[in-house]
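Colleague: I would like to learn how to read a model of this kind step by step. Could we take one feature at a time, with the general idea before the case?

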2 protein chains.
Amino acid sequence: MHHVVIVGGGFGGLYAAKALKNAPLQITLVDRRNFHLFQPLLYQVATGGLSPGDIAAPLRWILRREKNIRVLLGEVTAIDIARKTITLEDNRGEIAYDSLLLATGATHTYFGHADWETNAPGLKTIEDATTIRQRLLLAFEAAERETDPIRRQAWLTFVIVGAGPTGVELAGTLGEIANDTLRDNFRSIKPEQARILLVDGNDRVLSGYPPDLSRKAEESLLQLSVRSRLGMRVVGVDEEGVTMQPDAGGPPQRIESRTVLWAAGVAASPLGKMLADGAGAPIDRAGRVMVQPDLTVPGHSEILVIGDLAHVENDGKMVPGVAPAAMQMGAYAAKVISSHVTGAPAPPPFRYFDKGSLATIGRAAAVADFGKLRFGGVIAWLLWLFVHIMYLVGFENRLMVLLKWGISYTTYNRGARLITGQIEPLPEFELIDRGGEKSTQSHTEIVHR
Amino acid sequence: MHHVVIVGGGFGGLYAAKALKNAPLQITLVDRRNFHLFQPLLYQVATGGLSPGDIAAPLRWILRREKNIRVLLGEVTAIDIARKTITLEDNRGEIAYDSLLLATGATHTYFGHADWETNAPGLKTIEDATTIRQRLLLAFEAAERETDPIRRQAWLTFVIVGAGPTGVELAGTLGEIANDTLRDNFRSIKPEQARILLVDGNDRVLSGYPPDLSRKAEESLLQLSVRSRLGMRVVGVDEEGVTMQPDAGGPPQRIESRTVLWAAGVAASPLGKMLADGAGAPIDRAGRVMVQPDLTVPGHSEILVIGDLAHVENDGKMVPGVAPAAMQMGAYAAKVISSHVTGAPAPPPFRYFDKGSLATIGRAAAVADFGKLRFGGVIAWLLWLFVHIMYLVGFENRLMVLLKWGISYTTYNRGARLITGQIEPLPEFELIDRGGEKSTQSHTEIVHR
């Protein structure tokens, strides 16, 4: 039987597999994770609002009833175009395909500064999210222990690099945390005095949206005490902070901050490069495979690439790397593969149907862009909420997320505020005396401001 | 103002702090974690039924309204009895106390075989739970990839060492997972053919309970396909399995298993030893501090020890290391400290009030021991459920856990079945051919049994 191998169980791969469930095909879905991750809500895990389990669902569970689909845990490390096989982890297994569908998505990139990653983690995986959660919460804990006012301010300064949707979500939610969630939780610091800076090289936030929505988003961010530093290019990241170069010229600027988060730069998964090397597939600067209008690789109609790994153009404009595009490509790719097998006529070239864009900023704040219809505020936020709950996989996840949001909205609490994993050494202090006061006399006014 | 330092935010420490919230005292609660963990449900995290966030609540959040309580993230590494100070992480901070309350609990021990830990993780922390979750789920994934029948059987063999409440919970839940949750999730293996073995040196499971309840528990376990190997002492644990010595004599027995979990052996936190060295406090073999009837350390009425770290006897019988005992000691210790400060008469010696014991086995199965009243089955399980929901800290956690149980009970799903973190290399296989069949011909009958 015709064997379709799908690599990646994200939006693209999963929707393709589901669309092929009744086709006369044998399907193997390979993923290095055992779960489908609902990435649009990953920032909620990073900020302690949701648990990893709330936005993930085991791939086996989702596909358990599709008898023609086998799920296999593994990481693809090589593709042999001539033999039509893929290889898992350093030759630990080979899988032969008749059709190959690559949907391994993208990761973040540091524009050639890979060393920045240690001090400025990005947000693509569950582990990234729990790392960021740990850093954010630990910064407030460290500030509470710190007696030196300068160092304490550096602990209470948060820099988010990249003012796209992810950066805006992170910054906005961090604003909520500092202003509401952590209120009255500390005795030496006031979390609401945290500085949250959103840095971007563009001259406005959410530059993919129309300018009027960028302005709305910026206003909402300001209400959450997030300040934007726009037209700024980051030129250095280290343990103590960030150095930026103003686009308009002038000397570099330095921000002392112990917590820098990276929400800029997207690079395609390394499988794009493998296809370029093996099949001579053209790739763009971000490593995306430039596919044909039917999403196949030029010269290899048996290989299709979808989602964030694919560079597809409609009317000269690139289809954006968003979840709806990946889902649509997944469903389309299933049709193409079916037509190859059954001999049915091929579908017309892929066209992305843009239903509109939504970006959330924080508590009851979002922007919606439906072409001529553009708005912000509570309505946009409710719409954003509805759409995200609707597309979550699994009834249980939908119910839990909805409930947690309801509770969080009412109580300002964020239940999953756990610091887990190995932590860095915390600040030193001299003595907390018998009255429970920190002893560094000169700092008393700050300790008890 | 009199400064009380409480070390540990578990049941003992937290209940003590809460009982002191209106006393004319300054309190500092030190914990190396930022959350209170509801340990009785930790096995649910280890088995993918609940997320860490569901059974943990930030200590700061719980105590945010108690203005006389400061929460500090830190790990106590030394106690200076003479100067009345504790030291955090290698001298990174000192805290002076007037009263010191130690409530740092216990951890698991390997009876002098610390090297077993790598291959037989125990269950005390959130990280332990996610490690065990990873191991359990990965074993099924590995078995699905494995083509050699002997090695596959080793992946599908699970050994739980220790048939106390934790071991029984883990084994029973694993039985549910293999028989129900994972049903139809795989294509090469049948999860219900997993072997789950519960090993203990005692001649019955739940040896702390009356024999008739042990029998009931063993029957319930059998229904979940858990087999008990009793009267067996573990003498070796390695990557490939477990070696046991029958108590009744005879040659050692070997079980090939890739997944061994440790639910035996409890040792007190290292602070007991510190007190023994610094204050000459007597400790028992497990490292627990043998306190006075008022829970103070002999010769040091300013130091109290409670919970699993304390060895307390009532009528010559040791108070058990369970959550209700820790809570009662916490409340009692608060009274003792108050009486020291206010000069009020000291309370009568501590007495543990045993409300009865409940142990769960799995789906609708538990045993209840209220002295003369003893029963098992659904009623015991519902009671167990009610008590555990009731004592969970936080309305949100209660609601979430109740709902997740309801859903899990109905659907057999366990929503938090995520393999996260760094994983071990998965089994090698030769080739999955174009029909989606594994190529190792000789194993076909097992691959497709």
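Modeller: Let us begin with how helices are compared: an axis is a line fitted to C-alpha atoms, for helices over the stretch in contact, and angles run from 0 to 180 degrees between N-to-C directions. Please keep in mind throughout that this is a predicted model.

Colleague: With that in hand, at roughly what angle do the axes of α1 (residues 11–19) and α9 (residues 323–342) of chain A cross?

Modeller: The axes of α1(A) and α9(A) cross at roughly 35° and come within 7 Å, and the crossing in which α1(A) passes α9(A) is right-handed. On the side of α1(A), the residues that take part include A:Phe11, A:Leu14 and A:Tyr15, and they meet residues of α9(A) among which are A:Ala323, A:Met327 and A:Gly330. Sorted by character, this contact of α1(A) with α9(A) holds twelve nonpolar residues, three polar and no charged.

Colleague: Before we go further into detail, how many helices and strands does chain A have, and how does its radius of gyration of 24 Å stand against that of a compact globule?

Modeller: Chain A contains twelve helices and 28 strands. A compact globule of 449 residues would have a radius of gyration near 22 Å, so the 24 Å of chain A agrees with that expectation. The C-alpha trace of chain A spans about 80 × 45 × 40 Å along its principal axes.

Colleague: How should I read a sheet, and which strands stand at the edges of the one ordered β13-β12-β11-β17 in chain A?

Modeller: Strands of a sheet pair through backbone hydrogen bonds, either parallel or antiparallel. Here four strands of chain A, in the order β13-β12-β11-β17, make an open sheet with parallel pairing. The edges are β13 (226–230) and β17 (259–262) of chain A, each of which has a single partner strand, so one side of each is left without a neighbour in the sheet. On average, neighbouring strands of this sheet are turned by 20° against each other, direction ignored. Within the sheet, β11 (residues 157–161) and β12 (residues 195–200) of chain A are joined in the parallel sense by five bridges, and A:Phe158 has A:Ile196 in β12(A) as its bridge partner.

Colleague: And what does antiparallel pairing look like in chain A, for instance around β15?

Modeller: β14 (residues 232–238) and β15 (residues 241–246) of chain A pair in the antiparallel sense over six bridges, and a hairpin of two residues joins β14(A) to β15(A). β15(A) also pairs with β16 (residues 253–256) of chain A, again in the antiparallel sense, over four bridges. A:Met244 of β15(A) stands opposite A:Val234, and A:Met244 also stands opposite A:Gln253 in β16(A). The hairpin of β15(A) and β16(A) has six residues between the strands, and A:Gly249 in that turn has a positive phi of about 95°.

Colleague: In chain B, which helix lies across β25, β26 and β27?

Modeller: Those strands form an open sheet of three in the order β25-β26-β27 of chain B, with antiparallel pairing, and the twist averages 5° from one strand to the next. β26 (residues 365–370) and β27 of chain B are held in register by four bridges, with B:Ala368 standing opposite B:Phe375 in β27(B). The helix you ask about is α10 (residues 378–391) of chain B, which runs at about 80° to β26(B).

Colleague: Finally, how are the two chains related, and what turn lays chain A on chain B?

Modeller: Two copies of a chain are related by a rotation about an axis and a shift along it. In this model a turn of 180° with a shift of 0.0 Å along the axis lays chain A on chain B with an RMSD of 0.0 Å, and the two copies are thus related as by a two-fold rotation axis. A:Ser51 comes closest to that axis among the residues of chain A, with its C-alpha at 3.2 Å.

Colleague: How many residues does each chain give to the contact?

Modeller: Chain A gives 62 residues and chain B gives 62 residues, and the side of chain A that touches chain B divides into 25 nonpolar, 16 polar and 21 charged residues. Of the interface residues of chain A, 100% are also interface residues in chain B, so the copies meet through the same surface. Strands pair across the contact too: two bridges join β8(A) to β28 (residues 431–432) of chain B in a parallel run, and A:Ile95 stands opposite B:Ile432 in β28(B).

Methods. Residues numbered from 1 in each chain as written. Chains lettered and ligands numbered in written order. Predicted model: local features only at pLDDT ≥ 70, side-chain atom pairs only at ≥ 80, totals over all residues. Least-squares fit on C-alpha atoms with pLDDT ≥ 70 in both. Contact = placed C-beta atoms within 7 Å. Nonpolar A, V, L, I, M, F, W, Y, C, P; charged D, E, K, R; others polar. Pairing = 2+ DSSP bridges. Left-handed = near helix turned anticlockwise from the far one by under 90°. Rg over C-alpha atoms; globule rule 2.2 N^0.38 Å.
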